[in-house]
Amino acid sequence: MSTSSIAIFMTVLRKELRDFARDRRTFLMALLLGPLVYPLLMLGMGKLIEARMSTQLEKPLEIPIIGAQHAPNLVAWLATQDIRAKPAPKDLIAAIRNQDEDVALVIAPNFGEEWRASRPAKVEIVADTTRTNADVPIERLRSALTVYSGQMGALRLVARGVNPLLTQSVAVTQRDVATPEAKQGRVMSIILPLILVLFAFIGGANLTMDVTAGERERQSLEPLLATPVSRATLVSGKMGAAALIGIASVVLTLLSFKLSAALSTSAMASSLDVSFLAIARMMLVLVPLVLIGTAMLTFVAAGAKSMKEAQSHLVWMMFMPMLPGYALMAYPLKDQDLWQYAVPFLAQNQMLVKASRGENASLEQWAIYLASALALALALWLAAIWRYRQEKLAISA
């Protein structure tokens, strides 16, 4: 690129940034949306989850028990585990479906007979497993019944002079080889990539659409295209300004995440990896994505005749960076599959997961990711230049 082209590029870049900064409300929204939304979403969610878990795990659990008279010892033992019986409603099924009750226990009428015969005595847990608010009460009741069954079974064997350990043919233990950094980033590796990928991809959307579709609607693009400036330099200047806004938004989002995690007293926030090294790795992952998003938005907005039409494309474009994250929840991939680091959005998700877990990506993984991401950004940049060279771009709606 010649010296004159660089000068024109910088002139266009400064002009677009200056014009964008004049609308202070939009300018501040573009820069501060991510930094403000992410801490509220992440730490607020963590606080709510922590409050729910502590409330449902620590306070006594009162559940309807039908047939409590058939197993008084079981009911009394459950009370020692802070699981207390209360009268059952007339229609138990309806009460659970209406969320009046989370879980209930039904003791079979022949419980005592089966118990005295040393046969498995039947109890039934009644719950609606599709209700996430009932997960903790269900698990508390199931775990307590399992412990009670194991203890009573062991006592039966002891009463008959049999060592209860004879029933355990295999002693199963588990060794957790996860690093402390990976454990710290467990929560962050689920939510953080989805949010950061989305913010990086559309971080410069306001400026990108305004300098293309907005100028076309205001009929100020035609005089600009009539100048002897090359379309490539013109597009590069506009994209450079939008990319700087996107990068600044990502930097502020990561810094606000670090600050909010450091100041918060919640257990979830204190378990997050907020080291500068992890943030630097995330930034290296997200910068190519900002370029990809800016180039794609420029290409799409250049084909729109108005701001409303350009903004309508954001609806489907916002789903693109989110789909790989949801797909990975159902079908996780192994690190050995190198092809995933060449797939747009999936690669960013996997690289961010590594950074959040405190793991170092291999040089091969970094090379594949950066080469593929920058190649895609270059291809979209060339596509945006091609669209700017079309004469119909200067025609307003």
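**Figure 1. Val12 on helix 1, and what lies across from it.** Val12 sits in helix 1 of this predicted model. With a relative accessibility of 11%, Val12 counts as buried, because the cut-off for buried is under 20%. Look past its neighbours within four places in sequence, and the partners left in contact with Val12 are Leu234, Gly237 and Lys238. Val235 is worth picking out too: 223 residues separate Val12 and Val235 along the chain, yet their C-alpha atoms are 8.9 Å apart.

**Figure 2. Helix 1 meets helix 9.** Here we have helix 1, residues 3-22, packing with helix 9, residues 205-217. The angle between them is about 100° and the axes are 11 Å apart. That makes the two helices roughly perpendicular to each other, since angles of 65 to 115 degrees fall in that class. Helix 1 brings Lys15, Glu16, Leu17 and Phe20 to the contact, while helix 9 brings Asn206, Leu207, Val211 and Glu215. Sort those residues by type and you get four nonpolar, one polar and three charged.

**Figure 3. Thr208, tucked into helix 9.** Staying with helix 9, this view picks out Thr208. Thr208 has a relative accessibility of 1%, so it counts as buried. Who is around it? Setting aside neighbours within four places in sequence, Thr208 is in contact with Ala242, Thr294, Leu297, Thr298 and Ala301.

**Figure 4. Leu255 on helix 11.** Helix 11 covers residues 231-263, and Leu255 is part of it. Leu255 is partly exposed, at 41% relative accessibility. Its companion in this view is Ile279, 24 residues away in sequence. In space, the C-alpha atoms of Leu255 and Ile279 are 8.3 Å apart.

**Figure 5. Lys86 and Glu101, a salt bridge between distant parts of the chain.** The side chains of Lys86 and Glu101 pair up in a salt bridge, with an N to O distance of 3.1 Å. Lys86 comes from strand 2 (residues 83-86), and Glu101 from the loop between helix 4 (92-97) and strand 3 (103-107). The two are 15 residues apart, and the pair links distant parts of the chain. As for cover, Glu101 is buried at 14% relative accessibility, whereas Lys86 is partly exposed at 25%.

**Figure 6. Two further salt bridges.** One of them joins Arg84 to Asp82, where the closest N and O atoms are 3.8 Å apart. Arg84 is partly exposed, with 39% relative accessibility, and Asp82 is partly exposed as well, at 30%. The other brings the side chains of Arg119 and Glu114 together at 2.7 Å, N to O. In that pair Arg119 is partly exposed, at 39%, but Glu114 is buried, at 15%. The count of salt bridges comes to five.

**Figure 7. Gln99 and its positive phi.** Most residues other than glycine have a negative phi. Gln99 goes the other way: it is not a glycine, and its phi is positive, near 65°. Gln99 belongs to the loop between helix 4 and strand 3. The relative accessible area of Gln99 is 39%, which makes it partly exposed.

**Figure 8. Phe345, leading up to helix 17.** Phe345 also has a positive phi without being a glycine, this time about 75°. Look for Phe345 in the loop between helix 16 (323-330) and helix 17. Phe345 is buried, and its relative accessible area is 7%.

**Figure 9. Helix 17, largely enclosed.** How many of the 11 residues of helix 17 (residues 346-356) are buried? The count is 11 of the 11, so helix 17 is largely enclosed by the rest of the structure. The buried residues include Leu346, Ala347, Met351, Leu352 and Val353. Gln348, Asn349, Gln350 and Lys354 are among the buried residues of helix 17 too.

**Figure 10. Stepping back to the whole chain.** This last legend covers the setting for the close-ups. The secondary structure of the protein chain comes to 18 helices and four strands. Of its 397 residues, 42% count as buried. The chain exposes about 21600 Å², of which carbon and sulfur atoms supply 62%. Among contacts with a separation of 6 or more, 76% are between residues 24 or more positions apart.

How values were computed:
Residues are numbered from 1 along each chain as its sequence is written. This is a predicted model: local features need pLDDT of at least 70, side-chain atom pairs count only at pLDDT 80 or more; totals for chains, interfaces and linings use all residues. Side-chain values use heavy atoms; hydrogens and water are left out. Axes are lines fitted to C-alpha atoms, for helices over the stretch in contact, and angles run from 0 to 180 degrees between N-to-C directions. Angles under 35 degrees count as roughly parallel, over 145 as roughly antiparallel, 65 to 115 as roughly perpendicular and the rest as oblique. Contact means heavy atoms within 4.5 Å. Ala, Val, Leu, Ile, Met, Phe, Trp, Tyr, Cys and Pro count as nonpolar, Asp, Glu, Lys and Arg as charged, and the others, Gly among them, as polar. Buried means under 20% relative accessible area, exposed over 50%, partly exposed in between (1.4 Å probe, protein chains only). Accessible areas come from the Shrake-Rupley method with a 1.4 Å probe; for residues, only the protein chains shown count as cover. A salt bridge is a side-chain nitrogen of Lys or Arg within 4 Å of a carboxyl oxygen of Asp or Glu.
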